[in-house]
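Take a walk through this structure, from the ligand outward to the sheets and the loops. Keep the viewer open and follow each stop.

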Amino acid sequence: MPPYQRIVILTGAGISAESGVATFRDKDGIWSKYSIEDVATPEAFRRDPKRVHDFYNMRRRDHATVKPNAAHYALARLEAEHNGEVTLVTQNIDALHEQAGSKNLIHMHGELLKAWCLLCDGRFAWEADLSLETICPGCGRPHGLRPDVVWFGEMPYEMDRIGALLEAADLFLSIGTSGNVYPAAGFVALARRAGAHTVELNLEPSEGASYFADTIHGPATQVVPAYVERVLKT
Ligand code: BJW
C-alpha cells in the first residue's frame with residue numbers, strides 16, 4: 001500500500017449498526033417499518049409535521065442510549081495519526097463520529113441533534129423533543145422548527161466542498177453504505193475519475209460494489225480497525 005496523502009471516507013448506516021443504530025434497507029431496517037413518503041420528504045413534513053416530529057423524536061431518544069464502536073474510534077485514530085489529510089463525509093445523522101473524536105467531518109445529510117428554524121434560518125443544538133409548538137430560541141416564534149436533516153428531494157450539505165475533496169483524493173473508502181442513495185452513491189465514480197484508489201468496506205457487496213477497485217466484506221468493527229492499521233503502517 002502506498003502512503004496516501006488525501007484520504008476521503010464516506011460512511012453510512014452500517015458503521016453505526018453494531019452500536020445499536022438501525023440501518024435503513026436491511027431486513028429489519030427503518031424503511032421496513034416506516035415509509036419514506038410519510039417521514040423523509042419535505043412534502044411529508046408539510047402534510048403531517050407531527051408524524052415527522054414523532055419519528056425524529058423517537059430516534060433522538062434512542063440516540064441517547066448508543067455509543068461509538070471500534071470502527072468509529074479507528075477512523076478518529078486515522079485522522080489523528082495519519083501523516084496526510086483525512087476527511088470523513090458521513091451520510092449518518094447520528095453523532096457517533098464526533099463522539100469518537102473525529103474532527104474533520106462533514107454531515108452531508110444533516111444532524112439529528114440539531115434543529116433548523118424555517119422562519120429565521122437559525123440552526124441550534126437540540127437534544128429534546130420537537131413539536132410544532134416548540135419556540136425557536138433564535139426568533140422566539142413557534143411553528144418554524146424542523147429536524148436539521150436532509151430529506152429526499154433536498155440538496156445534501158456541502159456538496160461543493162465534497163466535490164473538491166473527491167477531485168483531489170488519492171484514496172476513497174466507502175464504509176457501511178448500500179449505495180442506493182444519490183449523490184453519495186456516485187462519489188466512487190468521481191473519485192475513480194480523479195485517479196483515487198477506491199475501496200468498499202461493507203458487510204456484503206453493495207449496489208455499487210463493482211465500481212470499487214477493492215472490496216473488503218465483514219462487520220465494520222472488524223474490517224475498519226484492521227484496514228486503518230494497514231494505512232497507518234505505510
Ligand atoms: C454493515 C453492517 C455492519 C449493516 N458493518 N456494514 C433516480 C435516480 C437517481 C437519483 C434519484 C432518482 N430519484 C430520486 C433521486 C435522488 C434521491 C435518491 O437518491 N433516491 C434514490 C432512492 C434513487 N436523492 C435525494 O433526493 C438526495 N438529494 C438530492 O439528490 O439532491 C439533488 C436535488 C435536489 C433537489 C432538486 C434537484 C436535485 C437527498 C437524499 C437524502 C437521504 N436522506 C436519508 C434520510 C434522512 C436522514 C435520516 O432520517 O436519517 O438519509 S434516506 C437514508 O438513506 C438516510 C441515509 O443517509 C441514506 C443512505 O443509507 P445508507 O447509509 O446507505 O444505509 P442502508 O441501510 O441503505 O445501508 C446500510 C449498509 O450497511 C448495507 O449495505 C448493509 O449491508 C451494511 N451493514 N450492518 C458493515 N455491522
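Which helices each supply at least two residues of the shell around the ligand? They are α1, residues 14-17, and α4, residues 49-63. Bear in mind that this is a predicted model.

Stay with the ligand. Its surroundings comprise 35 residues. The closest are Y56, R59, T177, S178 and Y182. Sorted by class, the shell holds 17 nonpolar, 12 polar and six charged residues. Several polar atoms sit opposite ligand oxygens. For A13, a backbone N or O atom lies 2.8 Å from an oxygen atom of the ligand. For N202, a side-chain N or O atom is 2.9 Å from a ligand oxygen. For E204, the side chain places an N or O atom 3.1 Å from an oxygen of the ligand. On its own, the ligand has 1500 Å² of accessible area, and the protein covers 75% of it.

Now turn to the sheets. Strands of a sheet pair through backbone hydrogen bonds, either parallel or antiparallel. Both senses occur here, in separate sheets.

Start with the parallel one. This open sheet has six strands, in the order β3-β2-β1-β7-β8-β9. Its edges are β3, residues 105-107, and β9, residues 214-217. Each edge strand pairs on one side only. Neighbouring strands are turned by 15 degrees against each other on average, with direction ignored.

Look at β7, which has β1 and β8 as its neighbours in the strand order. Towards β1, residues 6-11, the pairing is parallel and spans five bridges. One pair there is I7 with L171 of β7. Towards β8, residues 197-202, β7 (171-175) again runs parallel, joined by five bridges. F172 has T198 as its bridge partner in β8. S174 stands opposite E200 in β8.

Is β7 mostly covered or mostly open? It is mostly covered, with five of its five residues buried. The burial involves both faces. L171, L173 and I175 are buried on one side, and F172 and S174 are buried on the other.

The antiparallel sheet comes next. It is open and has three strands, in the order β5-β4-β6. β5 (123-125) and β6 (145-149) each have a single partner strand, so one side of each lacks a neighbour in the sheet. From one strand to the next, the twist averages 40 degrees. β4, residues 110-117, pairs with β6 in the antiparallel sense over five bridges. Within that pairing, G110 stands opposite V149 of β6.

Finish with the backbone. Most residues other than glycine have a negative phi, and most peptide bonds are trans. Three spots here depart from that pattern.

The peptide bond from Y182 to P183 is cis, with omega near 5 degrees. P183 belongs to the loop between β7 and α8, the helix of residues 187-193. Y182 is also among the residues closest to the ligand.

D121 has a positive phi, near 70 degrees. D121 lies in the loop that links β4 and β5. E158 has a positive phi too, near 55 degrees. Its place is the loop between β6 and α7, residues 159-168. How does E158 count by accessibility, and at what value? E158 counts as partly exposed because its relative accessibility is 38%, which lies between the 20% limit for buried and the 50% limit for exposed.

Conventions: Residues numbered from 1 in each chain as written. Predicted model: local features only at pLDDT ≥ 70, side-chain atom pairs only at ≥ 80, totals over all residues. Heavy atoms only, no water. Pairing = 2+ DSSP bridges. Helix = DSSP H or I, 4+ residues; strand = E, 2+ residues; numbered from the N terminus. Axes fitted to C-alpha atoms, helices over the stretch in contact; angles between N-to-C directions. Near = heavy atom within 4 Å. Polar contact = N/O pair within 3.5 Å; in protein donor to acceptor, adjacent residues only side chain to side chain. Areas by Shrake-Rupley, 256 points an atom, 1.4 Å probe, with all protein chains shown as cover. Nonpolar A, V, L, I, M, F, W, Y, C, P; charged D, E, K, R; others polar. Buried < 20%, exposed > 50% of the residue type's maximum accessible area, 1.4 Å probe, protein only.
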